[in-house]
Amino acid sequence: MSVEFSFDGRPMTAQAGQTVGAALLAEGIRSWRTTRFGGRPRGLFCGIGVCFDCLVTVNGEPNIRACLAVVAEGDTVRTQTGDGRGDQGE
């Protein structure tokens, strides 16, 4: 079974139960956040919710750890810029 979601406006498909991070990696996307200082790209690093490198904005809520959040049908996932405060409502 699969679920449909979007990432930065692009439609995507994930396996049911897959995390956002796993779904993005499966689509070949390795970076989905930039750092607050310097704008350096980040993505999945530890994969267990410890490092916070994989933060994304999901359904307007920033600072969601992609390695822990399970993709749900219709989720809107966006690249997070810095602390994510400017990402809300986009």
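Where does Asp8 lie? In this predicted model, Asp8 is placed in the loop between S1 and S2. The backbone of Asp8 has a positive phi of about 50°, although the residue is not a glycine. With a relative accessible area of 34%, Asp8 is partly exposed, because that class covers values from 20% to 50%.

The strands on either side of this loop lead into the interior. The largest nonpolar core has 19 residues. Phe5, Phe7, Val20, Leu24, Trp32 and Val56 are the members with the most contacts inside it. Two or more residues come from each of strand S1 (2-7), strand S2 (10-15), helix H1 (20-26) and strand S5 (55-58). In soluble globular proteins, nonpolar side chains tend to be buried together.

Strand S1 also carries Ser6. The relative accessible area of Ser6 is 17%, and the residue therefore counts as buried, the limit being under 20%. Leaving out residues up to four places away in sequence, Ser6 touches Pro11, Met12, Asp75, Thr76 and Val77.

Strand S5 may be considered next. Leu55 and Thr57 point one way from S5, while Val56 and Val58 point the other way. All of these residues are buried. S5 pairs with S6 in the antiparallel sense over three bridges, and S5 and S7 likewise pair in the antiparallel sense over three bridges. Within these pairings, Val56 has Ile64 of S6 as its bridge partner, whereas the partner of Thr57 in S7 is Arg78.

The connection from S5 to S6 is a hairpin with two residues between the strands. Asn59, in the turn, has a positive phi of about 50°. Gly60 is also found in the loop between S5 and S6. Its relative accessibility is 33%, so Gly60 is classed as partly exposed. Gly60 and Val77 are 17 residues apart in sequence, yet their C-alpha atoms are 8.1 Å apart in space. Beyond the turn, strand S6 (residues 61-65) contains Asn63. Asn63 has a positive phi of about 65° although it is not a glycine. The relative accessible area of Asn63 is 41%, which means that this residue is partly exposed.

The loop between S6 and strand S7 (76-81) holds Asp75. What is the nearest side chain of opposite charge to Asp75? That side chain is Arg78, and it is 13 Å away. A salt bridge requires a side-chain nitrogen of Lys or Arg within 4 Å of a carboxyl oxygen of Asp or Glu. Asp75 is buried yet has no salt bridge.

Which polar groups, then, lie beside the side chain of Asp75? One is the side chain of Asn59, which is joined to that of Asp75 by a polar contact of 2.9 Å. Another is the backbone nitrogen of Ala72, which lies 2.9 Å from a polar atom of the Asp75 side chain. Apart from neighbours within four places in sequence, Asp75 is in contact with Glu4, Phe5, Ser6, Val58, Asn59 and Val70.

These contacts connect several parts of the description. Phe5 is among the residues with the most contacts inside the largest nonpolar core, and Phe5 is also in contact with Asp75. Ser6, in strand S1, touches Asp75. Asn59, in the turn of the hairpin formed by S5 and S6, makes a polar contact with Asp75 through its side chain.

Definitions and conventions. Residues numbered from 1 in each chain as written. Predicted model: local features only at pLDDT ≥ 70, side-chain atom pairs only at ≥ 80, totals over all residues. Heavy atoms only, no water. Core = buried A, V, L, I, M, F, W, Y, C linked by side-chain atoms within 4.5 Å. Buried < 20%, exposed > 50% of the residue type's maximum accessible area, 1.4 Å probe, protein only. Helix = DSSP H or I, 4+ residues; strand = E, 2+ residues; numbered from the N terminus. Lys, Arg positive; Asp, Glu negative; His and termini not counted. Polar contact = N/O pair within 3.5 Å; in protein donor to acceptor, adjacent residues only side chain to side chain. Contact = heavy atoms within 4.5 Å. Pairing = 2+ DSSP bridges.
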